[in-house]
Structure formats: structure tokens, C-alpha cells
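Welcome, and please open your viewer so that we can walk through this model together. Keep the selection tool at hand, and take each stop at your own pace.

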Amino acid sequence: MDQGYLFNPELIRRYDKAGPRYTSYPTAVQFHQKFGAAQYVEHARLSNEDPIPQPLSLYIHLPFCATVCFYCGCNKIITNNRKRAVPYLERLHREIALHAELYDSDRVVDQLHWGGGTPTFISLDQMQALMSEIAKHFNLREDDKGEYSIELDPREVTEETLGVLRELGFNRISLGVQDLNEKVQRAVNRIQPMEKTEAALDQARKEGFHSISMDLIYGLPRQTVESFSRTLNEVIRMSPDRVAIYNYAHMPSMFKVQRQINEAELPSASEKLEILRHAVDRMTEAGYVYIGMDHFAKPDDELTRAQQNGTLYRNFQGYSTHSGCDLVAMGVSSISKVGFTYCQNHKDIDSYFKSIDEGELPVFRGIELSFDDVLRREVITQLICNFVLDKSRIVDRYLKYMEVTFDDYFADELEQLNIMQGDGLLKLNDDSIEILPAGRLLIRNICAVFDVYNNESMKSPRFSRMV
Ligand code: SF4
């Protein structure tokens with residue numbers, strides 16, 4: 001399929017509303033406390049009984065960071081005291097065992113991701129111990145064919161780090177970069193010399209990591225089109241396989257640490273839009289393919305190929321080529337997706353510790369999806385990942401049992417999409433919905449039409465604007 005995009009500032013301004021990023025559907029706003037550990041256990045056990053049980057995807061949350069970045073909206077614990085990781089890791093090891101009891105031991109772990117916080121906050125010995133604990137309880141792949149990734153802060157990397165990580169089985173890394181400009185780095189309290197980033201990337205290449213990704217942010221204080229352009233030039237020169245360029249959402253009422261950002265230094269809305277325009281143009285000129293939702297990949301990257309083949313998938317960690325996994329998430333605040341459920345661990349460390357100390361899974365809320373949720377999740381996933389929705393896939397999987405057509409089930413949504421069709425964002429065909437190049441940067445808005453909780457979600461202060 002054509003993977004091009006069209007940057008139309010007038011349309012982007014008109015559609016620029018707050019909304020979810022659809023790493024899950026329904027979003028976490030809909031999770032509730034009637035769904036707790038007992039419900040999770042029941043669904044985890046049931047997932048073993050599928051005719052062909054899904055492989056597993058494991059997420060490990062390591063929440064510590066040595067310094068705070070002023071733009072941060074993550075669940076993290078800022079401390080210089082490395083010893084604070086010790087009691088956390090003890091609980092995490094116990095949590096791993098509690099989850100593992102629920103799953104048949106032959107279920108292969110196709111995906112593993114360590115995120116944070118800063119996973120590299122812990123020592124190499126602690127990392128080795130953590131990976132051994134995971135391997136003791138879960139069936140990790142030994143053929144290097146899984147998607148085993150870790151978020152890496154180049155400021156934390158020593159000469160040994162990447163070799164150890166590769167030996168532990170990681171084959172993908174994402175490097176937190178954000179911006180290479182010193183003034184911007186000072187304004188967000190993240191001083192990271194380019195040499196450190198480049199050294200980490202070179203080392204990762206030498207160690208044979210399959211995929212190296214870099215995370216950038218646009219819309220940060222003191223950023224201009226020219227300054228960000230210089231950052232992009234350097235990033236393109238370093239040539240990572242994938243680049244994510246996230247929108248900085250300034251929401252100081254939600255995230256206290258953002259109050260340390262000087263608002264007068266933030267780029268204006270129009271400047272920010274220009275930075276984005278320049279960024280997508282520059283990345284595509286340099287040969288990267290716009291995968292969607294802030295992500296770019298090289299044409300021969302497996303994400304690009306998966307999108308071309310219609311097999312791309314999206315989860316809490318972003319885009320992936322492994323669609324059918326049950327996601328078991330461990331660590332404070334992490335979110336699992338098992339069968340037709342989502343559930344989240346306690347967000348504060350004391351409650352998390354208390355549950356584990358009492359021998360219980362630290363789940364505090366979740367949701368069991370209704371038939372309608374499952375159907376809409378599939379629609380949203382297809383649109384976000386592949387920029388096209390094949391109506392017959394939805395009918396064959398879900399609607400034929402109800403003897404209803406796609407157009408009847410989604411009559412209201414199609415009316416709204418008709419307006420978007422008038423704006424050139426998409427094309428409504430008899431058998432498909434096709435996102436046109438002008439709609440690709442606005443894919444969140446298009447998906448929001450299928451979000452039945454839309455009005456409630458949009459009111460939530462936790463969602464950022466679309467662009
Ligand atoms: S952006 Fe990353 S490194 Fe910085 S404070 Fe947040 S979680 Fe920690």
C-alpha cells in the first residue's frame with residue numbers, strides 16, 4: 001500500500017482536539033475496581049484453554065530515575081539512592097512467580113519489554129538476577145527470534161552495558177534522546193551529550209542488536225524549527241532503524257514536574273506545527289517511512305513490511321509485529337492485557353508492596369471487554385496500524401453471527417466519517433475504509449469516531465491534544 005502522508009495545516013488545526021492514543025481500547029479511564037486480582041486470575045487461567053493458546057508478551061516496569069526530566073508524564077520514582085531498587089526488585093521477583101503460576105509453562109514468550117522509569121537505573125548484576133528470575137518462571141525463547149527490547153538511557157550506559165544486555169537476550173533497544181540541542185536539554189533538565197547517544201548506538205550495532213530505535217520529542221521549550229532540524233540531521237546521520245517523534249503535551253495540572261518548565265519558552269502552536277511539518281518532511285526525505293502515530297521506520301524494517309502486508313499491531317509499547325500475544329505486565333502501575341480483559345497494578349509503590357507482601361497479585365483495577373468493545377478495538381487497531389479497514393474481516397469475525405452488516409452496525413459512525421471524507425481525510429468504499437494521505441497524521445481523530453466512550457474520554461484531563 002501507499003505509505004505517504006499529506007501535511008495540511010488547516011485540517012490539522014481544525015481537528016486538533018484532546019484524545020487518547022489508543023494503546024488500549026477501552027482506554028484506562030474505563031478501568032474500574034470491580035475488576036481485581038480474582039477476575040484477572042480467572043481470565044489468565046482461561047487463556048490456557050484456548051484451542052491454540054496465545055504466546056506471551058511480558059512487560060517489566062522499572063520505575064526509578066536518577067534525575068527528573070521536566071517534560072515527564074511517566075509513572076516514575078526520582079532518587080539518587082540506587083539502594084531503593086533493592087526492596088522493589090524483591091517484590092518484582094515475587095510478582096513474577098505469582099503470575100507464572102497462572103500460565104501453562106509451555107507458552108512461549110514471544111515478546112519481552114523492560115520499560116520505565118529508567119530500566120538501566122539498576123545494576124548489571126540486578127539485571128542479570130531479574131532476567132534469571134523471569135527465565136526460571138517463563139518459557140523464554142533461546143533462538144533470538146523473539147522481540148526482546150529495553151528502553152535505554154544513554155546517560156546510564158557504560159562500556160559493559162550493551163554487551164551484558166545482548167547476552168541477557170535483548171535484541172532491540174530504544175534510546176531516549178528527545179533533543180540534541182544543549183539549550184533545550186538545559187530547559188528540560190536532561191543534559192545528554194550527543195557523544196553519549198552515539199556511543200550507545202555504535203555499541204548496540206557492534207553487539208548485533210536487530211533493531212535500534214530513537215525517541216525524540218517536539219514542542220519542548222526553546223525548540224525552534226532550525227534547532228530541531230539540526231537534531232534531526234544528526235539523528236539521520238546516526239541512522240537508527242526506527243525513530244519515534246512524540247508530541248510534548250504540556251499539562252502541568254496533571255504532571256507537577258512540568259511546572260518547572262518555563263511556559264514562555266514553549267514554542268507557539270503555529271511554531272510547533274511547523275516543527276512537526278518539518279520533522280515529517282525531513283524524515284521521509286531521508287528515506288524513512290511514516291508508520292503512523294509519531295513513528296518512522298526504514299523501508300526494510302520489519303514494522304514497515306508488516307504495515308505493507310496488513311499485519312502490523314499496536315500495544316502499550318507501541319507498534320509491533322506480534323499481534324496475538326497475551327500481555328502479562330509486572331511492576332508498579334503496569335497494565336496487562338489477557339484474553340478479553342485489561343488490568344492495572346497499583347500505581348503507588350506502598351500499595352504495590354503491601355499486596356505482594358500479603359502474597360497477592362497487586363491488581364487494583366481493570367475491565368472485561370464487552371462484545372462491542374472487542375469489535376471496536378479491532379476496528380481501531382486495523383485503522384491505526386494499516387490505514388485501511390477491511391469491512392469483511394469485521395463481518396466474518398463478529399457481525400455475521402448477529403446477521404447485521406458493517407454499515408448498519410456503524411451507521412452513526414459512517415455519518416461522521418462522511419464529513420471527514422468531505423475533508424479528504426479518508427475514502428468510504430463499499431468494502432473498506434481507506435485513510436488517505438491527508439488523514440494519516442490525524443488517525444487518532446478518525447479512530448475516536450469509533451470510540452463509544454468518546455465523550456467521556458475527551459473530557460478526561462489525562463489526554464493530550466492530538467498533534
Ligand atoms: S522521561 Fe524517562 S528518564 Fe526522564 S524522568 Fe521520565 S521516566 Fe525518567
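Here is a tour, stop by stop, of a predicted model.

**Stop 1: the two domains**

Start by colouring the chain by domain. Domain 1 covers residues 1-26 together with 371-467, and domain 2 covers 29-327. If you place a marker at the C-alpha centre of each, the two markers will lie 26 Å apart.

**Stop 2: the nonpolar core**

Now select Leu216, Tyr218, Val243, Leu383, Ile446 and Cys447. These residues touch the most other members of the largest nonpolar core, which has 112 residues. Both domains take part in this core: domain 1 and domain 2 each supply at least three residues.

Stay with Leu383 for a moment. Which residues does Leu383 contact, leaving aside neighbours within four places in sequence? Show Leu389, Ile435, Ile443, Ile446 and Cys447, and you have them. Ile446 and Cys447 should look familiar, as they were in your previous selection too.

**Stop 3: around the ligand**

Next, centre the view on the ligand. Its surroundings are made up of Cys65, Val68, Cys69, Cys72, Cys74, Lys76, Gly116, Gly117, Thr118, Asp153 and Gly176. How many of the shell residues are nonpolar, polar and charged? Five are nonpolar, four are polar and two are charged.

Before leaving, zoom in on Gly116 and Gly117, two members of that shell. The peptide bond between them is cis, with omega at about 20°. Gly117 sits in the loop that runs between strand 4 (108-116) and helix 4 (124-137).

**Stop 4: another cis bond**

Go to Tyr25 and Pro26. They too are joined by a cis peptide bond, here with omega of about -5°. To place Pro26, look at the loop between helix 1 (9-15) and helix 2 (37-47).

**Stop 5: positive phi angles**

A little background helps here: most residues other than glycine have a negative phi, and most peptide bonds are trans.

Select Asn189, in the loop between helix 6 (182-187) and helix 7 (194-206). Asn189 is not a glycine, yet its phi is positive, at about 60°. Asn189 counts as partly exposed because it has 15 C-beta neighbours inside 10 Å.

Then select Ser239, which lies in the loop between helix 8 (225-238) and strand 9 (242-247). Phi of Ser239 is also positive, near 60°. With 15 C-beta neighbours inside 10 Å, Ser239 counts as partly exposed.

**Stop 6: a hairpin**

Show strand 10 (residues 289-292) and strand 11 (residues 295-297). In which sense do these strands pair, parallel or antiparallel? The pairing is antiparallel, over three bridges. Pick out Val289 and you will find Ala297 of strand 11 opposite. The two strands form a hairpin with two residues between them, and Met293 in the turn has a positive phi of about 40°.

**Stop 7: Leu399 and its surroundings**

Finish at Leu399, in the loop between helix 13 (391-397) and helix 14 (406-409). Is Leu399 buried or partly exposed? It counts as partly exposed, because 18 C-beta neighbours fall inside 10 Å, and a buried residue needs 20 or more.

Leaving out residues up to four places away in sequence, Leu399 touches Ile394, Val404, Thr405, Phe406 and Tyr409. For a last distance, draw a line from the C-alpha atom of Leu399 to that of Arg444: the two residues are 45 apart along the chain, and these atoms are separated by 24 Å.

Terms used. Residues numbered from 1 in each chain as written. Predicted model: local features only at pLDDT ≥ 70, side-chain atom pairs only at ≥ 80, totals over all residues. Near = placed C-beta within 6 Å. Nonpolar A, V, L, I, M, F, W, Y, C, P; charged D, E, K, R; others polar. Pairing = 2+ DSSP bridges. Helix = DSSP H or I, 4+ residues; strand = E, 2+ residues; numbered from the N terminus. Core = buried A, V, L, I, M, F, W, Y, C linked by C-beta atoms within 7 Å. Buried ≥ 20, exposed ≤ 12 C-beta atoms within 10 Å, placed from the backbone. Domains from an automatic or database assignment. Contact = placed C-beta atoms within 7 Å.
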